[in-house]
Amino acid sequence: MEIAFKAGRHSAATAEGPWRRWTGSMAAVVVTVLFLVVTIAVTMGARSPAEGVAPTAVPAQTRVYYIAADQVLWNYAPDGKNDITGAAFDDAAKTFVAAGPDRIGSEYHKSLYREYTDSSFQTLKPRPAEWEHLGFLGPVIHAQVGDKVQIVFKNNLQRPVSIHMHGLLYQKDSEGAPYADGTSGTQKGDDAVPPGQTWTYNYAVPDRAGPGPMEGSSVMWMYHSHTDEVGDTYSGLMGPVIVTKKGMARQDGSPVDVDRELISVFQVSDENQSLDLQANLDKAGVHKNVVGSDEFTESNLTHNINGYVYGNQPLGTTVGTGMTVQAGQHVRWYLMSMGTEVDLHTPHWHGNTVVANGMRTDVVSLLPAQMITADMTPDDPGIWLYHCHVNDHIIAGMITRYQVLP
């Protein structure tokens, strides 16, 4: 552009007569305008799709969360039907959702992380409509690189549990995992918080907790109880953490260049290994003689996404509710799996594509405790399937929907 500009200016300076001087000057003006237009276009193209302007820096801060472990009666299929087919449950689905003398059904006692408004733990913090799709997952913890996170945790269960954090920086008194680690005394209080007791976990959010060189503006981690890791996670004690790159966060810690965040945890929740099993047997009145049988064991393998089976996850009706987004939005999906060797999941989006790990795709792969970020700019309005592509998992109900409005 600079060469063209100089050429135009040279023509005007050497041309003879007022007409040539005028046309030469106009050529220079046109070239200059074109240069500015291109510069503005490039600049605008580089800006975040959500804001259209460069983000404003949010100062580092300590973000405090009040989270309790509560026992909750949870229904994996609250609509009472298969929302994917729009019909009643068939015999295959009834294996997992129908109650009876030899099975629990779709309703279970779960141990869940829930957020409260303050340290009195008297008032639950309302969950916004944009996060109703989380289901039985704990509250989202947002932070920006450079922040500190503090979780004031109360155990309202009848057994000891904890919080173990992935990705963030913590000292031994905030690890939340009991093992022979050479610590003692007050450094062990975080490992197993007794019933009715409170513990404060403290974390730093350094650069290594944020997105890597090949990632976008944010990354997902998780937290879960590690006192009895297998039993605690099958009981439901897990939640998401989202860390945003420094200088790319809104005041609430969410990434400024993303219009909507959606979180999905794919898991075959083995209720046979849940530490709430006895409470569920008592509630359902299941005879103890059937416990351990092949049929009973199979019925308690709930193939779910965020605690929902057969499309019972809230779809939403307007943009920003449930699993509903708008065409053209920058939607960031955070995906994770938990469980055993059967928990190899392949989430698949119908209708639209994502970019994950630098690749354009509509299917990603997950192993237990693996976390993946996928970016979507939906361009195909409609209600679309979103499911694990493992055949057995489809049959057992690991399938839901998302909606793109025009």
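The following paragraphs describe the enclosed and open spaces of this predicted model, and then one pair of its strands.

The enclosed space is considered first. A search of the whole structure returns one cavity of 30 Å³ or more. The volume of the largest cavity is about 40 Å³. Its lining is formed by Tyr76, Phe96, Val97, Gly105, Ser106, Tyr108, Thr302, His303, Val309, Tyr310 and Ala396. Two elements, helix 3 (91-97) and strand 10 (301-305), give two or more residues to the lining of the largest cavity. In terms of residue class, the lining of the largest cavity comprises seven nonpolar and four polar residues, with no charged residue.

The open spaces come next. The largest pocket has a volume of about 720 Å³, and 32 residues line it. Those that lie nearest the centre of the largest pocket are Glu115, Pro128, Trp131, Pro139 and Val140. At least two lining residues of the largest pocket are supplied by each of strand 1 (62-75), strand 2 (107-116) and strand 9 (260-270). The lining of the largest pocket divides into 17 nonpolar, three polar and twelve charged residues.

The second largest pocket holds about 300 Å³ of space. Among the 15 residues that line the second largest pocket, Met214, Glu215, Gly216, Asn357 and Thr373 are the closest to its centre. Strand 7 (218-224), strand 14 (354-356) and strand 16 (371-376) are the elements that give two or more residues to the lining of the second largest pocket. Of the contributions to this lining, that of strand 16 is the greatest, at five residues. By class, the lining of the second largest pocket consists of eight nonpolar, five polar and two charged residues.

The account now turns to strand 3 and its partner. In a regular strand, side chains alternate between the two faces of the sheet. In strand 3 (residues 141-144), Ile141 and Ala143 point one way, while His142 and Gln144 point the other way. All four of these residues are buried, that is, each has under 20% relative accessible area. Strand 3 runs parallel to strand 8 (residues 238-244), and four bridges join the two strands. Within this pairing, glutamine 144 of strand 3 stands opposite threonine 244 of strand 8.

Note on methods. Residues are numbered from 1 along each chain as its sequence is written. This is a predicted model: local features need pLDDT of at least 70, side-chain atom pairs count only at pLDDT 80 or more; totals for chains, interfaces and linings use all residues. Side-chain values use heavy atoms; hydrogens and water are left out. On a 1 Å grid over the protein atoms alone, a cavity is a set of points where a 1.4 Å probe fits but cannot get out, and a pocket is an open set with protein on both sides within 12 Å along at least five of seven lines; lining residues have an atom within 4 Å of a point. Grid points are joined across faces, edges and corners, and a volume is the space filled by probe spheres set on the points. Ala, Val, Leu, Ile, Met, Phe, Trp, Tyr, Cys and Pro count as nonpolar, Asp, Glu, Lys and Arg as charged, and the others, Gly among them, as polar. Buried means under 20% relative accessible area, exposed over 50%, partly exposed in between (1.4 Å probe, protein chains only). Two strands pair if DSSP finds at least two bridges between them.
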